[in-house]
Amino acid sequence: MINSPPIITTVPTDTWVEASWEDFITFADDPTLANGRFYYDQGYMRIEMLPIGSAHGQDNSIVSTLIILYAAINNIPIKEFTNTSFRKIGVRESQPDIAFYIGKNIKLPPRNNATINLEQIDSPTLVVEIAASSLEDDTTRKQKLYQRLGVKEYWVVDVNRSQVIASSLSTNGSTSIRESLVLPGLEIDLVEEPLQKSQTEDDGAISRWLLATFS
């Protein structure tokens, strides 16, 4: 018996391709593509299959730690989701590096392995994409996608420059910010500093520095 070739060979990856929702779901729900990341918006899909490198992994960890520590010290309710799929059935889907629900009275998705249904649960408050080779896309098409999904704040971490491009999102558009609106008092400069420190310091040292700074 001759095995069929992997389904992913039938479409380009790491770029936006015109596709119906049904075609997109064929890929997004294929268990053989569990390591991929999937996006859909306005009749186009993007499947990311590029390997994740060291810089991406390290910056993801630093930003995640920083946000959780800041929220904990400032008594801000928060729940993090890493590489989780958020779906508005038939319309759009995203799978960000990190997403956070922030604030009191937040309604959290059920604890299971299903894609989060945004027809039943609100969109995340804050989404963070770590951009190693996808900076242009993260700051353009994905930003529009998250705006349409109802995300309130969006950060893109440029791992090549240790910089954060932060935007406040609304139905009317996006506004560049240098201080978070969903994590009041957190300046984006303070997010960038540990990213720079991480090039020469270990995570423990950075965490201690963050705790001292936030306190």
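Strand β2 (residues 37-41) has 5 of its 5 residues buried, so this strand is largely enclosed by the rest of the structure. Keep in mind that what you're looking at is a predicted model.

**Around β2**

Let's stay with β2 for a moment. In a regular strand, side chains take turns between the two faces of the sheet. R37, Y39 and D41 point one way from β2, while F38 and Y40 point the other way, and all are buried.

Which strands does β2 pair with? On one hand there's β3, which pairs with β2 in the antiparallel sense over 5 bridges. F38, for example, has I47 in β3 as its bridge partner. β2 and β3 make a hairpin with 2 residues between them, and Q42 in that turn has a positive phi of about 50°. On the other hand there's strand β6 (residues 92-94), which runs antiparallel to β2 and is joined to it by 2 bridges. Here Y40 has E93 in β6 as its bridge partner.

**The open sheet**

Zooming out, these strands belong to an open sheet of 6 strands with mixed pairing, in the order β1-β3-β2-β6-β5-β8. β1 (16-18) and β8 (116-117) stand at the edges with a single partner strand each, so one side of each has no neighbour in the sheet. At the β8 end, strand β5 (residues 86-88) pairs with β8 in the parallel sense over 2 bridges. R87 has N117 in β8 as its bridge partner.

**The nonpolar cores**

Nonpolar side chains in soluble globular proteins tend to be buried together. In this model, the largest nonpolar core has 30 residues, and I67, L126, V128, W155, L183 and L186 touch the most other members. The largest share of this core, 7 residues, comes from α2. Several other elements supply at least two residues each, including β9, β10 (153-158), β11 (163-170) and α6 (203-214).

For a feel of the packing, take L183: leaving aside residues up to four places away in sequence, L183 touches I67, Y70, I76, I102, L126 and W155.

There's also a second, separate core of 18 residues, which includes F86, Y101, A131 and L149. L149 also turns up among the buried residues of helix α4 (residues 141-149), together with K142, Q143, L145, Y146 and Q147. Just after α4, G150 takes a positive phi of about 95°.

**The two largest pockets**

Here's how the linings break down by class.

| Pocket | Nonpolar | Polar | Charged |
|---|---|---|---|
| Largest pocket | 11 residues | 9 residues | 7 residues |
| Second largest pocket | 6 residues | 6 residues | 8 residues |

The largest pocket holds about 560 Å³ of space. Of its 27 lining residues, T84, S85, N113, A114 and T115 are the closest to its centre. Which strand gives the most to this lining? Strand β4 (residues 78-82) does, with 4 residues.

The second largest pocket has a volume of about 340 Å³. It is lined by 20 residues, and R37, E48, L50, P51 and I52 lie nearest its centre. β3 (44-48) and β9 (126-131) each supply at least two residues of that lining. That brings us back to where we started: R37 is one of the buried residues of β2, and R37 also lies among those nearest the centre of the second largest pocket.

Note on methods. Residues numbered from 1 in each chain as written. Predicted model: local features only at pLDDT ≥ 70, side-chain atom pairs only at ≥ 80, totals over all residues. Heavy atoms only, no water. 1 Å grid on protein atoms, 1.4 Å probe; cavity = no way out; pocket = protein on both sides within 12 Å on 5 of 7 lines; lining within 4 Å. Points joined across faces, edges and corners; volume = space filled by probe spheres on them. Nonpolar A, V, L, I, M, F, W, Y, C, P; charged D, E, K, R; others polar. Buried < 20%, exposed > 50% of the residue type's maximum accessible area, 1.4 Å probe, protein only. Core = buried A, V, L, I, M, F, W, Y, C linked by side-chain atoms within 4.5 Å. Contact = heavy atoms within 4.5 Å. Pairing = 2+ DSSP bridges.
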